[in-house]
Amino acid sequence: MATVRVVHRQRALWRQCHRTAAIGICHLHTTTTSSSSSHASSSKEHYKVLVLGGGSGGITMSARMKRKLGAENVAIVEPSEMHYYQPIWTLVGAGAKGVASSGRPTASVVPSGVKWVRDKVQEINPDTNTVRTGNGMEISYQYLIVALGLQLHYEKIKGLPEIEDWVKFKIGSNYSVQTVEKTWSALQNFKEGNAVFSFPNTPVKCAGAPQKIMYLTDAYLRKTGKRAKANIVYNTSLPVLFGVKKYADALWEIVKSRDIQVNLRQNLIEVRADKQEAVFENLDNPGETKVFEYEMLHVTPPMGPNPEVKGSLLADEAGWLDVNKETLQHNKYPNVFGIGDCTNLPTSKTAAAVAAQSSILDRTISKVLKNEKPDSKYDGYTSCPLVTNYNAVILAEFDYSGQPLETFPIDQSKERWTMYHMKADVMPHLYWHGLLKGFWGGPGPYRKIMHLGMK
Ligand SMILES: Cc1cc2nc3c(=O)[nH]c(=O)nc-3n(C[C@H](O)[C@H](O)[C@H](O)COP(=O)(O)OP(=O)(O)OC[C@H]3O[C@@H](n4cnc5c(N)ncnc54)[C@H](O)[C@@H]3O)c2cc1C
């Protein structure tokens, strides 16, 4: 009975949060052993380990730090009442999963006993080992783990209407919880014309996601008998369809066989919503633009560094957290570490990368705690399950050098339903019960076993 009550409560909380998320307000109060509400502006606290950001990387590292140092020595700063498993939004946008399945109250994922500061990081001062929050609270730390993710910049696309109007204007975007269901609306409302998909001229998280929804759109329109009246157009800023040749070759075969038009080096710069037109700039000939009428537009927004990282001494020139690419230790401040999308690690930004990074960072911090030199080396492992149909996935896995680093002893560039099952059903469990609890550090050890120790 107790479990049922908790589930009901979580669902109610989710519904309330989701309704308010669109306007960015969600002040629900849950009680957990780890909760902390707003603080007076004069308050001060100190923790041995302070984690900034309660997304994939932040929750994972707070669970690992709790195990290492005890819950009372760890605090996490995160303003959102809800935690989202973003990878499932690809399937939410295509109507294969409900958006409710992607979120859980933050209170339920912060490790019990770890202090949750429900506030925004306002300023990071690595010279004084302090962080100031939005409410004016000052928190000092001995070790800092930065996991603040990246920032979406929908506002940089000229003319993109207010999110509330997207359904009317047939626009969707799988990249945020406020917009992901609008993709599914646009797909269902499609009658005939162009379905246009964009990929921005910036680093992005999950570089495969902008095209996964395109394959699912193609599949949905075939299933509903509308494909003959549809023209599917993928306009990407990149000079390639995918960054790793082995998978790019497989994807080119798919786009050809499904009659999908791919235009390289095209960047979405403007939306004329009232005319249902999207304006793309040719990056190889700046100033040259092309207008596409659309019946459905999927926007992948420009993305950039987290502003609190960018505005601090921890940032590199481009604004990303400046960490050592092997140890994840900050390049200038040895008591500062980073994980995930906020860092300048030269690999594709994914939750799979966060998993592999978490086990490395765990070992790096163990060494630093013993005053020893960090010796573990992150190889850049990242993964992208390229959903190509409602029952097919190409499981891309690769490292810093862009070379495939596959877990299974089969050709992973082939479309497989087993991999779809893994993406849709297995990985969410691995996320909630393995990664966030600090038990899943990526498939490295399994890869070795699967390849009989040869990889
Ligand atoms: C549509 C889509 C599909 C994806 N598909 C995949 C996939 O198939 N496989 C995969 O591995 N990955 C996928 N990803 C990427 C994956 O979700 C991210 O790479 C991962 O969540 C990064 O974790 P993170 O901790 O770095 O950032 P996040 O999980 O985004 O967490 C950042 C946290 O920082 C908090 N924060 C921000 N600013 C502040 C502040 N000032 N103060 C305090 N807290 C702050 C945020 O609220 C957030 O909770 C996908 C993402 C999207 C959007």
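## A tour from loop to pocket

Start by selecting asparagine 129, which sits in the loop between strand S6 (121-125) and strand S7 (130-133). The model you are looking at is predicted. Check the backbone here: asparagine 129 has a positive phi of about 55°, although it is not a glycine. Is asparagine 129 buried, partly exposed or exposed? Its relative accessible area is 25%, and partly exposed covers the range from 20% to 50%, so asparagine 129 counts as partly exposed.

**Stop 2: a second positive phi**

Now jump to aspartate 259. This residue lies in the loop between helix H7 (245-257) and strand S13. Aspartate 259 is not a glycine either, yet has a positive phi of about 60°. Colour by accessibility and look again. With a relative accessible area of 60%, aspartate 259 is exposed, because the cut-off for exposed is over 50%.

**Stop 3: glutamate 72**

Select glutamate 72 next. Look for it in the loop between helix H2 (56-69) and strand S2 (74-77). Its relative accessibility is 58%, so glutamate 72 counts as exposed. What does glutamate 72 touch, leaving aside its neighbours within four places in sequence? Show Tyr47 and Gly113: glutamate 72 is in contact with both. Then add lysine 115. Glutamate 72 and lysine 115 are 43 residues apart along the chain, but their C-alpha atoms are separated by 7.3 Å.

**Stop 4: the whole chain**

Zoom out. The protein chain has 11 helices and 21 strands. It holds 455 residues, and buried residues make up 57% of them. Consider the contacts with a separation of 6 or more: residues 24 or more positions apart account for 66% of these.

**Stop 5: the open sheet**

Select strands S10, S17, S11, S12 and S13. They form an open sheet of 5 strands, with parallel pairing, in the order S10-S17-S11-S12-S13. Which strands stand at the edges? They are S10 (171-172) and S13 (261-264). Each has a single partner strand, so one side of each has no neighbour in the sheet.

Go to the S10 edge. S10 pairs with S17 (residues 296-298) in the parallel sense, over 2 bridges. Pick glycine 172; its bridge partner in S17 is histidine 298. Helix H5 (residues 180-189) packs on the sheet here, touching S10 and S17. The direction of H5 makes about 155° with that of S17.

Move along to S11 (193-199). Hide nothing: this strand is largely enclosed by the rest of the structure, because 6 of its 7 residues are buried. S11 and S12 pair in the parallel sense over 7 bridges. To see one bridge, select serine 198 and its partner in S12, asparagine 235.

Now bring up helix H6 (residues 209-223). H6 lies across S11, S12 (230-236) and S17. Compare directions: H6 runs at about 175° to S12.

**Stop 6: a hairpin**

Select strand S15 (residues 277-282) and strand S16 (residues 289-293). These two run antiparallel and are joined by 5 bridges. Alanine 278 stands opposite phenylalanine 292 in S16. S15 and S16 form a hairpin, with 6 residues between them. In the turn, pick glycine 287, whose phi is positive, at about 100°.

**Stop 7: the enclosed space**

Switch on a cavity display. How many cavities of 30 Å³ or more does a search of the whole structure find? The search finds 1. The largest cavity holds about 40 Å³ of space. To frame it, select Gly340, Asp341, Thr343, Leu345, Thr347, Ser348, Lys349, Thr350, Ala353 and Gln357, which line the largest cavity. This lining divides into 2 nonpolar, 6 polar and 2 charged residues.

**Stop 8: the second largest pocket**

Finish with an open space. The second largest pocket has a volume of about 490 Å³. It is lined by 27 residues, and the closest to its centre are Ala207, Thr347, Ser348, Lys349 and Phe398. Keep Thr347, Ser348 and Lys349 selected, since you have just met them: they also appear in the lining of the largest cavity. Last, colour the pocket lining by residue type. You will find 16 nonpolar, 9 polar and 2 charged residues around the second largest pocket.

Terms used
Residues are numbered from 1 along each chain as its sequence is written. This is a predicted model: local features need pLDDT of at least 70, side-chain atom pairs count only at pLDDT 80 or more; totals for chains, interfaces and linings use all residues. Side-chain values use heavy atoms; hydrogens and water are left out. On a 1 Å grid over the protein atoms alone, a cavity is a set of points where a 1.4 Å probe fits but cannot get out, and a pocket is an open set with protein on both sides within 12 Å along at least five of seven lines; lining residues have an atom within 4 Å of a point. Grid points are joined across faces, edges and corners, and a volume is the space filled by probe spheres set on the points. Ala, Val, Leu, Ile, Met, Phe, Trp, Tyr, Cys and Pro count as nonpolar, Asp, Glu, Lys and Arg as charged, and the others, Gly among them, as polar. Two strands pair if DSSP finds at least two bridges between them. Helices (H or I, at least four residues) and strands (E, at least two) are DSSP runs, numbered from the N terminus. Contact means heavy atoms within 4.5 Å. Axes are lines fitted to C-alpha atoms, for helices over the stretch in contact, and angles run from 0 to 180 degrees between N-to-C directions. Buried means under 20% relative accessible area, exposed over 50%, partly exposed in between (1.4 Å probe, protein chains only).
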